[in-house]
Structures are given as C-alpha cells and as structure tokens.
Amino acid sequence: MNDFPVPAPVVVPVRGRSGRFTVGRVFCVGRNYAEHATEMGAAATPIFFMKPATAVVPAGDLPGPSDDARVDHEIELVLALNADGRPTTPEAARALIGGYAVGVDLTRRDLQSEFKKAGAPWEAAKAFDASAPLSEISPADDVGHPRAGAIWFDVDGARRQDGDLGDMILSPERLLIALGETWRLRPGDLVFTGTPAGVGPLPRGAQGRGGVEGVGEISVRRL
Ligand code: MN
C-alpha cells in the first residue's frame, strides 16, 4: 500500500462567520447538575470521558444504532475552544472559550448500565457514530459567556428536560481547570458540560428539539 488517504476533517459552521470550527477532541463530563447526579445514583464528582470527532454530526436525521438500542437524550451546553493552555484560574479558563454550541450527548443507556455493572469502559455506549449531534457554534464575541438561563429538551413536543445553566456543579471555567490537570487543552477541543435532570429515551422516529437560552437550538430525529 502506497497511499494513506488523509481523512476529511470534521467541521462545524460558526454563526455569522465564514470560517468554520475544526473539531479535534470531544471531552464530556458526567453528572454535572445536582438533580441529574441524583437520578443517576452517584456522588457529584466529575467523571470525564471522550467521544471521537467523528461522533459530531449536524442537526437533522440521525442514523442510529440498532433498532432495539435504548438511546437516551442528554441536552448540553458545549464549549468550543480556540486557544491552548492548562488554565489554573477562571479568567485563564474563560480565555480559552471561543464560542458555545448546543449538543446532545446521545447515550446507549442499555449498554452503559451493563458496562457500569461490569466495571468496563463506556465507549460503545457513548462514542458511537452520530452520538454527538451539534448546533452551529455561536461566537463568544456575539453571545458572551452564558452562565444562567434555560436548558431544555422536548421529545415529540413534550418537555423532558427543563434545567438552568446556573445549576451546574462545576462551572465551565472549573471544568476546564479540572480537564487541564490531565490534558493540555487545544483549539478544536469541544467540551460537553453535562446535562440536567430528565434524561430519557429518544425512540426511533421521534423528533427531539432542545436549546440553551442565549446560545441556540437543535432539532434531531432518530431514524
Ligand atoms: Mn452527558
């Protein structure tokens, strides 16, 4: 074999800008809203995991995993980093955030429960193809740094998740400081900041719609 094809980068549109955001790594945190931490039956400590950049897809129709999979919706505020560093202060952490998006951390809860019982890694439950549908990115220059406001998700028009950014256990700045203890953060990193209570199934054919006040909205349909 002589040629190794260069994979196409995963890119996300940026609202009001011609440039696009090229996705590097996708960090996620589990249980970052107190009420959701309670419903998941766990202590409120940050648990980091990752999805591949290839999990990021635009809003719209989602090719899902097999039809008997239980896929749960987790609506999340997503940080889009445009600088590198290992911040140790909230000010330095905030300086890494170039914009915000609305993402859905899709989760195969059936598998995740089995893996948890077995003490096994979560990849197949969290990092499958199209497991991270993402809205366009809103530049922080335009929307500021929202730290309070509604975060919500509807399934077929019924409200399932109804939280507030102000109820995060670790603020976006604190999450970046915690991540920086293990990883040097880079432009292209996305950080899913956790989901409020009310997670539940997104059945095949169902229409999901969610949003974060001051950032944007996302609509998805599981095929
Ligand atoms: Mn999540």
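Here is a short chat about the buried helix, metal site, salt bridges and cores of this predicted model.

User: What makes helix 6 count as mostly covered?

Analyst: Helix 6 spans residues 172-180, and 8 of its 9 residues are buried. Those are Pro172, Glu173, Leu175, Leu176, Ile177, Ala178, Leu179 and Gly180.

User: And what covers the buried residues of helix 6?

Analyst: The cover includes strand 3 (26-30), strand 4 (47-51), strand 8 (75-81), helix 2 (90-94), strand 9 (97-104) and strand 15 (190-192).

User: How do you know that Glu173 is buried?

Analyst: Buried means under 20% relative accessible area. Glu173 has 6%, so Glu173 goes in as buried.

User: What does Glu173 pair with in a salt bridge?

Analyst: Arg94, with the closest N and O atoms 2.8 Å apart. A salt bridge needs a side-chain nitrogen of Lys or Arg within 4 Å of a carboxyl oxygen of Asp or Glu, so this pair qualifies. Arg94 sits in helix 2 and Glu173 in helix 6, so the bridge ties together parts 79 residues apart in sequence.

User: Why is Arg94 called partly exposed?

Analyst: Partly exposed falls between the buried limit of 20% and the exposed limit of 50%. Arg94 comes out at 35%, so that's the label it gets.

User: Which residues are the protein donors of the manganese ion, and what makes them donors?

Analyst: They're Glu74 (OE), Glu76 (OE) and Asp105 (OD), at 2.0 to 2.1 Å from the ion. The cut-off for this metal is 2.8 Å, so these oxygens count as donors. Along the sequence the spacing reads E-x1-E-x28-D. Glu74 is in the loop between strand 7 (71-73) and strand 8, while Asp105 is in the loop between strand 9 and strand 10 (107-108), so the pair ties together parts 31 residues apart in sequence.

User: Are Glu74 and Asp105 buried or exposed?

Analyst: Buried, in both cases. Glu74 has 5% relative accessibility, and Asp105 has 0%. The limit for buried is under 20%, so each value qualifies.

User: What else does Glu74 meet, in a salt bridge?

Analyst: The side chain of Arg109, at 2.8 Å from N to O. Arg109 belongs to helix 3 (residues 109-118) and Glu74 to the loop between strand 7 and strand 8, 35 residues apart. Arg109 is at 8% relative accessibility, so Arg109 counts as buried too.

User: How do you know that Arg159 and Asp154 form a salt bridge?

Analyst: Their closest N and O atoms are 2.5 Å apart, and the limit is 4 Å. Arg159 is partly exposed at 46%, whereas Asp154 is buried at 9%.

User: How many salt bridges does the rule give, and which residues do shared partners join into one network?

Analyst: The count comes to 16. Bridges that share partners link Lys51, Arg70, Asp72, Glu74, Asp105, Arg109 and Lys126 into one network.

User: Which residues touch the most other members of the largest nonpolar core?

Analyst: Leu77, Leu79 and Leu176, out of 34 residues. Strand 8, strand 9, strand 13 (150-155), helix 6 and strand 18 (216-222) each supply at least two residues of this core. Leaving aside residues up to four places away in sequence, Leu176 touches Leu79, Leu81, Pro87, Ala93, Ile97, Leu185 and Val191.

User: What lies apart from that core?

Analyst: Another core, of 23 residues, among them Val12, Val14, Phe115 and Ala125.

How values were computed:
Residues are numbered from 1 along each chain as its sequence is written. This is a predicted model: local features need pLDDT of at least 70, side-chain atom pairs count only at pLDDT 80 or more; totals for chains, interfaces and linings use all residues. Side-chain values use heavy atoms; hydrogens and water are left out. Buried means under 20% relative accessible area, exposed over 50%, partly exposed in between (1.4 Å probe, protein chains only). Helices (H or I, at least four residues) and strands (E, at least two) are DSSP runs, numbered from the N terminus. Contact means heavy atoms within 4.5 Å. Donors are N, O and S atoms within 2.8 Å of the metal (3.2 Å for Na, K and Ca); water is not among the atoms, so sites may look incomplete. A nonpolar core is a set of buried Ala, Val, Leu, Ile, Met, Phe, Trp, Tyr and Cys residues joined through side-chain atoms within 4.5 Å.
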